[in-house]
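I opened this model to look up a few local features and to note each one with the cut-off behind it. The entries follow in the order in which I looked.

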Amino acid sequence: MEDDYHKPVLLKEAVHYLNATEGDIIFEGTLGGAGHTIAIIKDIAPTGKIIGVDLCSQALSTAAIRLKDYKDQVFLVEDNFANVKEILKRLDIKSVQGVLLDLGLSSFQIDRSQKGFSYIRNEDLDMRFGDQKVRAFEVVNDYSEQKLRDIFYKFGEEKWAGPIAARIVKKRNEKEIRSTSQLAEIVKSAVPPDYRHKRGHPAKRIFQAIRIEVNAELENIEKGIEDGFQVLNGRGRMVIISYHSLEDRIVKNKFLDFAGRCFCPPDLPVCRCGAQKRAKILTRKVVRPSEDEIRENPRAKSAKLRALEKL
Ligand SMILES: C[S@@+](CC[C@H](N)C(=O)[O-])C[C@H]1O[C@@H](n2cnc3c(N)ncnc32)[C@H](O)[C@@H]1O
């Protein structure tokens with residue numbers, strides 16, 4: 001069962017940029033099915049350690065089975081990668097040589113977790129990576145129309161955000177919206193017929209938006225990158241794989257800040273914004289999967305990898 005849990009994306013590239021060597025300590029904030037972990041362990045063996053973190057208990061159980069031969073080298077932690085500092089403190093680890101984040105969700109979560117991540121399956125509205133309080137159900141049935149519109153616009157980049165939010169509110173006043181199929185139908189019915197085929201099914205963007213809201217994904221990424229950078233050793237590496245433009249924008253901007261991007265007006269003789277070069281960006285051009293990888297694993301298609309080295 002666990003063999004088709006998730007195909008690791010940009011595996012060779014991630015291992016290459018992480019550049020881990022024997023004895024390194026690596027923080028992997030998105031363990032999933034441990035696809036990347038197993039490859040990295042080989043580079044740091046026999047004395048290195050990986051801290052493998054995931055919010056999803058199923059991911060941790062699968063990873064534990066896959067990593068059973070490496071028990072002395074991995075710490076498996078059920079937590080949010082945004083809590084990287086607290087996690088390391090609990091393990092009495094001061095700093096790490098590498099941070100890897102492979103953002104988003106695993107194939108298992110989409111296809112088999114029954115948490116309602118996909119508009120193609122008929123499941124309950126949940127979408128939580130872990131056991132947070134608010135599910136997709138509460139977002140859809142309790143949030144105000146204005147708040148729904150903002151989320152769809154900001155996190156789904158959906159131009160029909162307003163009409164979709166209005167239709168949801170109208171429908172939920174008639175009857176609670178409980179399932180992914182119900183929601184997908186409502187979304188589809190709120191946009192003009194010719195738009196439904198232009199940018200793919202509109203439910204895709206709305207589901208993405210709700211998932212981002214439920215899991216506070218963008219805040220976690222910001223904090224995970226910021227705090228992950230702080231616990232990185234000098235010459236330590238950070239590698240991040242993102243899957244959509246909102247994620248990648250955060251990664252790109254954070255990396256530019258670490259690399260000393262200056263916000264002062266160009267005519268100012270000295271920098272006053274406090275910019276400081278603290279890292280070297282290793283991927284001047286973002287790294288994308290090859291045609292072969294996309295053919296083998298279509299879910300890799302939107303992946304973008306960025307890497308930096310701390311000075
Ligand atoms: C794309 S998958 C990782 C797959 C993994 N690299 C592999 O090759 O098997 C992303 C994983 O990150 C987890 N995740 C997402 N956001 C998280 C967060 N803020 N903290 C911890 N885990 C998170 C998800 O539950 C999911 O298991």
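I take helices (H or I, at least four residues) and strands (E, at least two) as DSSP runs, numbered from the N terminus. The model is predicted, and I therefore accept local features only at pLDDT of at least 70 and side-chain atom pairs only at pLDDT 80 or more, while totals for chains, interfaces and linings use all residues. Residues are numbered from 1 along each chain as its sequence is written, and side-chain values use heavy atoms, with hydrogens and water left out.

**Backbone.** I looked up proline 46 in the loop between α2 (35–44) and β2 (49–54), and found that the peptide bond leading to proline 46 from alanine 45 is cis, with omega near 0 degrees. In the loop between α4 (84–90) and β4 (96–102) I noted aspartate 92, a residue other than glycine whose phi is positive, near 60 degrees. Most residues other than glycine have a negative phi, and most peptide bonds are trans.

**Ligand.** Which residues come nearest to the ligand? Of the 24 around it (a heavy atom within 4 Å), I list His36, Asp54, Phe81, Asp102 and Gln109 as the nearest. I sorted the shell into nine nonpolar, twelve polar and three charged residues, counting Ala, Val, Leu, Ile, Met, Phe, Trp, Tyr, Cys and Pro as nonpolar, Asp, Glu, Lys and Arg as charged, and the others, Gly among them, as polar. For backbone N or O atoms I recorded 2.9 Å from phenylalanine 81 to a nitrogen atom of the ligand, 3.4 Å from glycine 29 to a ligand nitrogen atom, and 3.4 Å from alanine 34 to a ligand oxygen atom. Taken alone the ligand exposes 600 Å², of which the protein buries 99% (Shrake-Rupley method, 1.4 Å probe).

**Aromatic pairs.** I counted five aromatic pairs, with rings of Phe, Tyr and Trp (its six-membered ring) paired if their centres lie within 6.5 Å, and with planes under 30 degrees apart called stacked, over 60 edge-to-face and the rest tilted. Tyrosine 5 and phenylalanine 108 are stacked, because their ring centres are 4.8 Å apart and their planes lie at 5 degrees. This pair links distant parts of the chain, 103 residues apart, with tyrosine 5 in the segment before α1 and phenylalanine 108 in helix α5 (residues 107–111).

Conventions
A polar contact is a pair of N or O atoms within 3.5 Å; within protein, one must be able to donate a hydrogen and the other to accept it, and residues adjacent in sequence count only if both atoms are side-chain atoms.
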